[in-house]
Amino acid sequence: MTTDAVGGVWSYATSLAAALAALGAEIHLVSLGPAPRPDQRAMLRGTELCLVETDLALEWQDPDAHDLDHARGTLLALERERRPDIVHLNSLREATFDWHAPVLAVAHSCVPSWALACNEAGMLQEPRWQRYSELIAAGLRCADAWVAPTCAFGEVIGRLHAPRCPGTLIWNGLAASTPDAVGHKKETFVLAAGRMWDKAKNLSTLSKAADGLACPVLVAGAGSDSTVVTSNLHQLGELSHDELRRWMGRAAIYASPALYEPFGLSVLEAAAAGCALVLSDIPSFRELWQDAAVFVAPADAGAIRSTLNWLAADPRACATLQDAARRRAARYSLRRMAASYAELYGDLLARASSDRRSNTYAEACA
């Protein structure tokens, strides 16, 4: 199973791999891109997962595909060495390699869908991003199966890249919270998470909304000198996963005004920690959180401010939303996600076995 340590894929992959290992699978995690931080490595403690680190570029960091041949040689050599039954890719272009085992590709995001959501479509005319898009589409065609974390994002992938077969919907999942994780007394502040420089997170609009807000806004994630930050928005910096979960346990409200979010694992974690959710009105959030969140137009800082002020001033309404979010979060369980992937793996193995029998029969008859 490939993974990376840049965004939410690390949390997704490590938790899924640990859950699959508990079901009896032997998982070899192969990291691409920057090396995992010490706090990320700590998430593997107590598991039987094998971590293999590489220096391979992530597909969005290498749109010209300069590293593609290096990646092909490295990963196929690793397959020959480890002899896996399934290759689970958490990226798409690597599905074009000549794998021996059945290949599952998971579409967590892609640059064309990001660009369209963030009004940056012009960049897609650049030759490097056209090359990137070609490889993404080819990967989806080559994969034996592909997964999307929401129907909304699966439809976007279908429109942009025209896979040869329908994708499978598997919602991301979260381990059940312990009483300690949700037992904190809630404090009246708004929490958000994301890289300040990432246009998709739309934190600049949240910063505008924070000006004049009756309670403080705290943002976890890498900052940026180019982002206008008001006096009522406080940057917590890059936090470990455990530190972020502790802040979620304290926060009364979690806000995500994202322009683009194929799933939003941090929203799920905040909901499980009992935060009231104020989310941008985008299809993926509607699919996951309808009737369990308040939705706002992502570009309307005034509407975001008034919604946050209302919840900060109305403890009863805030508590109702906190309970609704916590109950909805229980639907997206790690156990359910792992069982869905295990079932899909089984289907791929059965199909591969059937294909081998058919080929053997054809060769015998030739």
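In what order do the four strands of the open sheet sit, and is the pairing parallel or antiparallel? The close-ups below, all taken from a predicted model, start there.

**View 1. An open, parallel sheet of four strands.** The order runs S4-S5-S6-S7, and the pairing is parallel. At the edges sit S4, made of residues 87-89, and S7, made of residues 168-169; each of these two pairs on one side only. As a reminder, strands of a sheet pair through backbone hydrogen bonds.

**View 2. Zooming in on S4 and its partner S5.** S5 covers residues 103-106, and three bridges tie it to S4 in the parallel sense. Pick out Leu-89 and look across to S5: the bridge partner there is Ala-105.

**View 3. Helix H8, mostly covered.** H8 spans residues 203-210, and six of its eight residues are buried. Those six are Leu-203, Thr-205, Leu-206, Ser-207, Ala-209 and Ala-210. What do the buried residues of H8 pack against? Four strands and a helix turn up here: S8 (187-193), S9 (217-220), S10 (233-237), S11 (251-256) and helix H12 (301-313). Just past the end of H8, have a look at Gly-212, which takes a positive phi of about 95°.

**View 4. Helices H10 and H13 packed together.** Two packed helices are described by the angle between their axes and the distance between the axes. For H10 (residues 265-272) and H13 (residues 315-329), the angle is about 115° and the axes are 7 Å apart. The crossing of H10 past H13 is left-handed. On the H10 side, the contact is made by Leu-268, Ala-271 and Ala-272; facing them from H13 are Ala-325, Arg-326 and Ala-329. Sorted by class, that contact has five nonpolar residues, one charged and no polar.

**View 5. Cys-142 and Cys-165, with no disulfide between them.** Why is Cys-142 not bonded to Cys-165? A disulfide is a covalent bond between the sulfur atoms of two cysteines. The cut-off used here is 2.5 Å between sulfurs, and the sulfur of Cys-142 is 11 Å from its closest cysteine sulfur, that of Cys-165, so the pair is too far apart for a bond. Seen from the other end, Cys-165 is in no disulfide either, with the sulfur of Cys-142 as its nearest, 11 Å away. The disulfide count by this rule comes to zero. As for its surroundings, Cys-142 is partly exposed, with a relative accessible area of 42%.

Terms used
Residues are numbered from 1 along each chain as its sequence is written. This is a predicted model: local features need pLDDT of at least 70, side-chain atom pairs count only at pLDDT 80 or more; totals for chains, interfaces and linings use all residues. Side-chain values use heavy atoms; hydrogens and water are left out. Two strands pair if DSSP finds at least two bridges between them. Axes are lines fitted to C-alpha atoms, for helices over the stretch in contact, and angles run from 0 to 180 degrees between N-to-C directions. A crossing is left-handed if the near helix is turned anticlockwise from the far one by less than a right angle, and right-handed if clockwise. Contact means heavy atoms within 4.5 Å. Ala, Val, Leu, Ile, Met, Phe, Trp, Tyr, Cys and Pro count as nonpolar, Asp, Glu, Lys and Arg as charged, and the others, Gly among them, as polar. Buried means under 20% relative accessible area, exposed over 50%, partly exposed in between (1.4 Å probe, protein chains only).
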